[in-house]
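Me: Please take a close look at one helix in this model and at what surrounds it. After that, work outward to the parts that can be described in similar terms. Keep to residues, contacts and angles.

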Amino acid sequence: MKRHQFEQHARHFRSGRISLNQLIDLVFGDGKEVVVLETLSEDDIVVASVASEVGIPALKPRPDDAHKGDFGRVLLVGGSRGMAGAISLAAMSALRSGSGLVTAAVPETIAEVVAGFDPCVMTVPCRDSDGHFSSVPEDLKQQLKVADVVAIGPGMGREVDRYFLQAILELSQPIVIDADAIHLLAETHSMIKNRKSATVLTPHPGEFSNLANTEFSKRGEMEAAAVKFAADQGCIIVLKGHRTLVTDGSREYRNDTGNAGMATGGSGDVLTGVVTSLIGQGYDAFDAAVMAVHIHGRAGDFAAEKYGQASMVASNIVDSLAAAFKSHVAVGAEVRIGF
Ligand SMILES: NC(=O)C1=CN([C@@H]2O[C@H](COP(=O)(O)OP(=O)(O)OC[C@H]3O[C@@H](n4cnc5c(N)ncnc54)[C@H](O)[C@@H]3O)[C@@H](O)[C@H]2O)[C@@H](O)CC1
Ligand SMILES: Nc1ncnc2c1ncn2[C@@H]1O[C@H](COP(=O)(O)OP(=O)(O)O)[C@@H](O)[C@H]1O
């Protein structure tokens with residue numbers, strides 16, 4: 001919101017033309033449940049809280065003397081011949097979510113294509129077999145050691161050596177598992193329970209059904225199974241769809257941003273980039289998942305405003321991340337409105 005608009009709303013509030021709740025709706029958007037904590041003086045500062053069971057944190061400020069190494073080394077592993085776009089969308093999204101250094105480890109067949117999408121993304125070309133990862137190459141082993149967070153899955157396909165996923169599961173850093181890597185996890189019955197750092201899984205309903213080895217007839221049943229899965233496996237599940245659920249087995253957050261225009265190929269790959277980036281920047285993994293889902297949905301809403309739900313595509317969501325991050329407001333926090 002522009003300063004002069006804010007000042008006009010503030011004047012209207014002071015003169016009694018609009019109520020506090022109307023002011024807060026104008027400043028923060030409609031539909032937020034607001035609890036007034038304290039009114040310090042009639043024309044100075046109002047302290048209010050936007051209520052929510054699970055809060056969405058504010059963005060951390062970037063120190064003036066920051067350098068790129070301060071915002072996490074993100075490594076995204078995925079892609080295959082025919083699906084270079086998925087891993088590229090994830091990498092471009094991680095960069096637009098604040099990461100300092102983003103590297104995509106991809107089969108060498110598609111490395112040039114991935115590098116060509118965005119000059120800011122670094123690539124590690126990995127030896128491949130017919131356009132898919134084969135074994136874990138030396139170059140990748142080095143990158144895996146230095147990364148602050150690793151995501152695996154977008155566009156990877158399922159024709160991948162099982163030890164490839166196993167090598168990622170054995171890492172001591174937080175990891176994000178998405179798309180085909182979730183199917184591989186289900187097929188290989190690999191263990192995530194004993195991992196020493198955070199594990200975030202971002203399944204859509206098809207992937208979660210495979211993971212839980214169950215056909216669900218109702219969304220509610222699937223959500224209950226996701227909460228149990230997260231509790232049993234000690235992980236965070238982001239069960240995507242309309243009103244995405246984020247759960248760690250004890251907490252549950254249901255997202256209220258986003259729209260049906262996001263039902264377009266690659267939208268989920270964008271989310272993987274955002275959540276991985278936020279974890280790399282040091283946010284707690286559950287907070288990162290909640291923030292990522294909320295901001296990703298807001299970016300989808302901005303994209304829908306600009307292009308319409310029918311015509312918007314996942315790369316429009318990547319471009320709209322800037323507006324979503326710029327306008328991000330913490331939810332559940334105390335909010336000070338100063339005049
Ligand atoms: N440009 C690209 O390179 C793209 C690559 N993609 C990659 O394509 C690979 C395969 O992913 P897919 O998701 O297409 O295939 P999957 O085989 O994982 O899942 C597809 C099936 O899941 C079910 N499903 C998905 N969303 C659902 C929902 N909201 N409600 C109910 N059922 C749902 C449906 O039965 C659907 O046919 C992944 O590696 C993914 O990253 C896709 O993200 C599309 C874009
Ligand atoms: N109707 C909808 N309302 C809100 N968000 C949606 C809707 N449809 C899809 N999305 C969001 O778009 C993303 C789709 O992810 P996914 O199914 O993994 O797609 P892909 O594999 O093509 O990347 C998820 O984050 C999901 O929550």
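Reply: A residue counts as buried if 20 or more other C-beta atoms lie within 10 Å of its own, as exposed if 12 or fewer do, and as partly exposed in between, with C-beta atoms placed from the backbone. Helices (H or I, at least four residues) and strands (E, at least two) are DSSP runs numbered from the N terminus. The model is predicted, so local features need pLDDT of at least 70 and side-chain atom pairs count only at pLDDT 80 or more, while totals for chains, interfaces and linings use all residues. Residues are numbered from 1 along each chain as its sequence is written, and chains are lettered from A and ligands numbered from 1 in the order in which they are written.

The helix chosen is H7, residues 180–188, whose buried residues are Asp 180, Ala 181, Ile 182, Leu 184 and Leu 185. These residues pack against three strands and two helices: strands E8 (149–152), E9 (175–178) and E10 (199–202), and helices H6 (162–169) and H8 (205–212). Contact here requires the C-beta atoms of two residues, placed from the backbone, to lie within 7 Å.

Both flanks of the helix carry a positive phi. Ala 179, in the loop between E9 and H7, has a phi of about 50° although it is not a glycine. Ala 179 is also buried, because 27 other C-beta atoms lie within 10 Å. Just after H7, His 189 takes a positive phi of about 50°. A further case is Arg 243, with a positive phi of about 55° and again not a glycine. Arg 243 is in the loop between strand E11 (236–239) and strand E12 (245–247), and it counts as partly exposed because it has 15 C-beta neighbours inside 10 Å.

The loop between H6 and E9 holds Gln 173. Gln 173 is buried because it has 20 C-beta neighbours inside 10 Å. Not counting residues up to four places away in sequence, it touches Ala 147, Asp 148, Val 149, Val 150 and Ser 197. The C-alpha atoms of Gln 173 and Thr 202 are separated by 17 Å, with their positions 29 residues apart along the chain.

Strands E8, E9 and E10 sit side by side in an open sheet of nine strands with mixed pairing, in the order E5-E4-E3-E8-E9-E10-E11-E12-E13. Two strands pair if DSSP finds at least two bridges between them. The edge strands, each paired on one side only, are E5 (122–126) and E13 (252–254). Neighbouring strands are turned by 15° against each other on average, direction ignored. At the E5 end, strand E4 (residues 101–107) runs parallel to E5 and is joined to it by five bridges. In E5, Thr 123 is the bridge partner of Ala 104.

Helix H3 lies across strand E3 (73–77), E4 and E8, and runs at about 170° to E4. Axes are lines fitted to C-alpha atoms, for helices over the stretch in contact, and angles run from 0 to 180 degrees between N-to-C directions. H3 and helix H12 (residues 314–326) have axes 9 Å apart and pack at about 10°. H3 is therefore roughly parallel to H12, a term for angles under 35 degrees, with over 145 roughly antiparallel, 65 to 115 roughly perpendicular and the rest oblique. In this contact, Leu 89, Met 92 and Ser 93 of H3 meet Ala 314, Ser 315, Val 318 and Leu 321 of H12. The residues of the contact divide into five nonpolar, two polar and no charged. Nonpolar covers Ala, Val, Leu, Ile, Met, Phe, Trp, Tyr, Cys and Pro, charged covers Asp, Glu, Lys and Arg, and the others, Gly among them, are polar.

Met 92 lies in H3, residues 84–95, and is buried because it has 23 C-beta neighbours inside 10 Å. Leaving aside neighbours within four places in sequence, it contacts Phe 117, Asp 118, Val 121, Gly 273 and Val 318.

Ala 179 returns in the surroundings of ligand 1: of 17 residues, Gly 85, Ala 86, Ala 179, Gly 206 and Gly 265 come nearest. A residue is near a molecule if its C-beta atom, placed from the backbone, lies within 6 Å of it. H3, H8 and helix H10 (267–280) each supply at least two residues of this shell, and H8 gives the largest share, three residues. The shell divides into six nonpolar, eight polar and three charged residues. Ligand 2 is surrounded by 17 residues, the closest being His 204, Gly 258, Met 262, Ser 267 and Gly 268. Its shell divides into five nonpolar, ten polar and two charged residues.
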